[in-house]
Each structure stands twice: as structure tokens, then as C-alpha cells.
Amino acid sequence: SYFVTDKVFGWIAALITLGIQFGIFVFFIHAAEANLQDNRTDIQFTWKCPRDTDACDDKVDLTGAGWAIFSVLMVAFLSKDMINGSKLINHSVRITHSFQSRIRYFFGGLCLCW
């Protein structure tokens, strides 16, 4: 993590990376707000209601196996960052380091866990 270093370039690189990630996050939040009155929307509705019956069918193709695979992949990819972030936060508690180093370790670990 670049937040652990005391070099200015490392902090600038880390802050720019966080800023870019936040900008992408805001972009996706704005894109997620769909106008359902617009015919250009890419939203696919899963409920099909035929005109000749009173019953509607849910055509969603999400299964328990799909959610299980998604969960395993998310845990596999995010656990590394969570473990390293927790280690940095734990490392920041040690009194043997200077106060400035402890703040850097804590901030770096917090960014990895977030």
C-alpha cells in the first residue's frame, strides 16, 4: 500500500487512485438511475404477463448455484485485501512505531478494508 510509505509520491499516487475509483463509483451510481419512461433503456424485465391470463411468470435465470459461485469468487478476491488491511490496522497499534508511522499504517489498512 502506498499509504504506508513516507514518500510524497506514494501518497499522491494512492490519493489519485482513490479519486479515480471514487469517480468511477459516482459514474456507475448515476448510470444506475434508469428512466423507465425512456425506450432506450437496457433494463430487462423478468416478469412476463401474457394478456390472455391473470397469472404472471418470473423468467429470472438466477439460481442458487449462480449465487454460490458469485459468493465464492467475491470471498476469494476480497479476502486478500481484507486480511492485509486487518494486518496493517493491527500493525498500527504497536507502540514500537512512531506516531506518524502508526497513522499511515492505520489509514492504509482502513483503505484496504473499505
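This briefing walks through helix α3 and its packing against helix α2. The structure is a predicted model. Its chain holds 3 helices and 2 strands, and from the N terminus on these elements run α-β-β-α-α. Buried residues make up 10% of the 114 residues in the chain, and several of them turn up in the helices described here.

**Getting to know α3**

- Helix α3 covers residues 99–113, which is 15 residues.
- From its first C-alpha to its last, α3 reaches 21 Å, close to the 21 Å expected at 1.5 Å a residue.

**Two faces of one helix**

- Look along α3 for its buried residues: they are Ser 101, Arg 104, Tyr 105, Gly 108 and Gly 109.
- These buried residues cover an arc of only 125° around the axis, so they lie on the same side of α3.
- On the face turned away from that buried side, you will find the exposed residues Phe 99 and Gln 100.
- The cover over the buried residues of α3 includes α1 (8–32) and α2 (64–92).

**How α2 and α3 pack**

- A pair of packed helices is described by the angle between their axes and the distance between the axes.
- For α2 and α3, the angle is about 160° and the axes are 7 Å apart.
- An angle over 145 degrees counts as roughly antiparallel, and α2 and α3 are therefore roughly antiparallel to each other.
- The crossing of these two helices, α2 and α3, is left-handed.

**Who meets whom**

- On the α2 side, the residues that meet α3 are Asp 81, Met 82, Asn 84, Gly 85, Ser 86, Leu 88, Ile 89, His 91 and Ser 92.
- Their partners in α3 are Arg 102, Tyr 105, Phe 106, Gly 108, Gly 109, Leu 110, Leu 112 and Cys 113.
- Tyr 105, Gly 108 and Gly 109 are among the residues of α3 that meet α2, and they are also among the buried residues of α3.

**A closer look at Ser 92**

- Ser 92 sits in helix α2 and is one of the residues there that meet α3.
- Is Ser 92 buried or exposed? Its relative accessibility is 7%, and buried means under 20%, so Ser 92 counts as buried.
- Apart from its neighbours within four places in sequence, Ser 92 is in contact with Arg 102, Tyr 105 and Phe 106.

**The chain as a whole**

- Taking contacts in the chain between residues at least 6 apart in sequence, 36% join residues at least 24 apart.

Terms used: Residues are numbered from 1 along each chain as its sequence is written. This is a predicted model: local features need pLDDT of at least 70, side-chain atom pairs count only at pLDDT 80 or more; totals for chains, interfaces and linings use all residues. Side-chain values use heavy atoms; hydrogens and water are left out. Helices (H or I, at least four residues) and strands (E, at least two) are DSSP runs, numbered from the N terminus. The expected span of a helix is 1.5 Å times one less than its number of residues. Buried means under 20% relative accessible area, exposed over 50%, partly exposed in between (1.4 Å probe, protein chains only). The arc is that of the directions from the helix axis to the C-beta atoms. Contact means heavy atoms within 4.5 Å. Axes are lines fitted to C-alpha atoms, for helices over the stretch in contact, and angles run from 0 to 180 degrees between N-to-C directions. Angles under 35 degrees count as roughly parallel, over 145 as roughly antiparallel, 65 to 115 as roughly perpendicular and the rest as oblique. A crossing is left-handed if the near helix is turned anticlockwise from the far one by less than a right angle, and right-handed if clockwise.
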